[in-house]
Amino acid sequence: MKITEIREKSSEQLTTLLKEQKEELFNLRFQHAIHQLDNPQKIVETKKNIAKILTAIREKELAESKQN
């Protein structure tokens, strides 16, 4: 997921996407623990996606506070 795609989304969409990514990370960690995960790199990618989403949310918060 690219940061430009994330920045185009609204705050509500970002919140929903963040929740989905956290659930996916939980499931990936669980699969990894019981040795059913084929590609452990997916955990790293999911963490990076979560960080990108959190960054975009913070950018929107700062932009709103500057407008007020």
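Here are some short exercises, each with a worked solution, on a predicted model.

**Exercise 1. Find out how α2 and α3 are arranged relative to one another.**

Start with the general idea: two packed helices are described by the angle between their axes and the distance between the axes. For α2 and α3, the axes come within 9 Å, and they cross at roughly 160°. Angles over 145 degrees count as roughly antiparallel, so α2 is roughly antiparallel to α3. Now for the hand: the crossing of these two helices is left-handed.

Next, see who does the touching. On the α2 side, the residues include Ser11, Leu14, Gln21, Lys22 and His32. On the α3 side, they include Lys42, Thr46, Asn49, Ile53 and Glu64. Sort the contact by class and you get 11 nonpolar, 5 polar and 7 charged residues.

**Exercise 2. Work out which residues make up the largest nonpolar core, and which helix gives the most to it.**

First, list the members. The core has 11 residues: Ile6, Leu14, Leu17, Leu18, Leu25, Leu28, Leu37, Ile43, Ile50, Ile53 and Ala56. Then ask where they come from. The elements that give two or more residues are α2 and α3, the latter running over 41-67. Of the core residues, 5 come from α2, which gives the most.

Now zoom in on one member, Ile53. Setting aside neighbours within four places in sequence, Ile53 is in contact with Ile6, Leu14, Leu17, Leu18 and Gln21.

**Exercise 3. Decide whether Gln21 and Asn49 are buried or exposed, and say what they touch.**

Take Gln21, which sits in helix α2, residues 11-33. Its relative accessible area is 9%. Buried means under 20%, so Gln21 is buried. Leaving out neighbours within four places in sequence, the contacts of Gln21 are Thr46, Asn49, Ile50 and Ile53.

Now Asn49, over in helix α3. With 13% relative accessibility, Asn49 counts as buried too. Not counting residues up to four places away in sequence, Asn49 touches Met1 and Gln21. The two residues are thus listed in each other's contacts.

**Exercise 4. Describe the setting of Ile6.**

Locate Ile6: helix α1, residues 3-7. Check its exposure: the relative accessible area is 0%, so Ile6 is buried. Then look at its contacts. Beyond residues up to four places away in sequence, Ile6 touches Met1, Leu14, Lys52, Ile53 and Ala56. Finally, try a distance: Ile6 and Lys60 are 54 residues apart along the chain, while their C-alpha atoms are separated by 11 Å.

**Exercise 5. Say what stands out about the phi of His35, and where that residue is found.**

Recall that most residues other than glycine have a negative phi. For His35, though, phi is near 60°, a positive value in a residue other than glycine. Its place is the loop between α2 and α3. As for accessibility, the value is 71%. Exposed means over 50%, so His35 is exposed.

**Exercise 6. Place Ala51 and find how far apart Ala51 and Ala63 are.**

Ala51 belongs to helix α3. Its relative accessible area is 38%. That falls between the 20% limit for buried and the 50% limit for exposed, so Ala51 is partly exposed. Last step: Ala51 and Ala63 are 12 residues apart in sequence, and 18 Å apart from C-alpha to C-alpha.

How values were computed
Residues numbered from 1 in each chain as written. Predicted model: local features only at pLDDT ≥ 70, side-chain atom pairs only at ≥ 80, totals over all residues. Heavy atoms only, no water. Helix = DSSP H or I, 4+ residues; strand = E, 2+ residues; numbered from the N terminus. Buried < 20%, exposed > 50% of the residue type's maximum accessible area, 1.4 Å probe, protein only. Contact = heavy atoms within 4.5 Å. Core = buried A, V, L, I, M, F, W, Y, C linked by side-chain atoms within 4.5 Å. Axes fitted to C-alpha atoms, helices over the stretch in contact; angles between N-to-C directions. Parallel < 35°, antiparallel > 145°, perpendicular 65-115°, else oblique. Left-handed = near helix turned anticlockwise from the far one by under 90°. Nonpolar A, V, L, I, M, F, W, Y, C, P; charged D, E, K, R; others polar.
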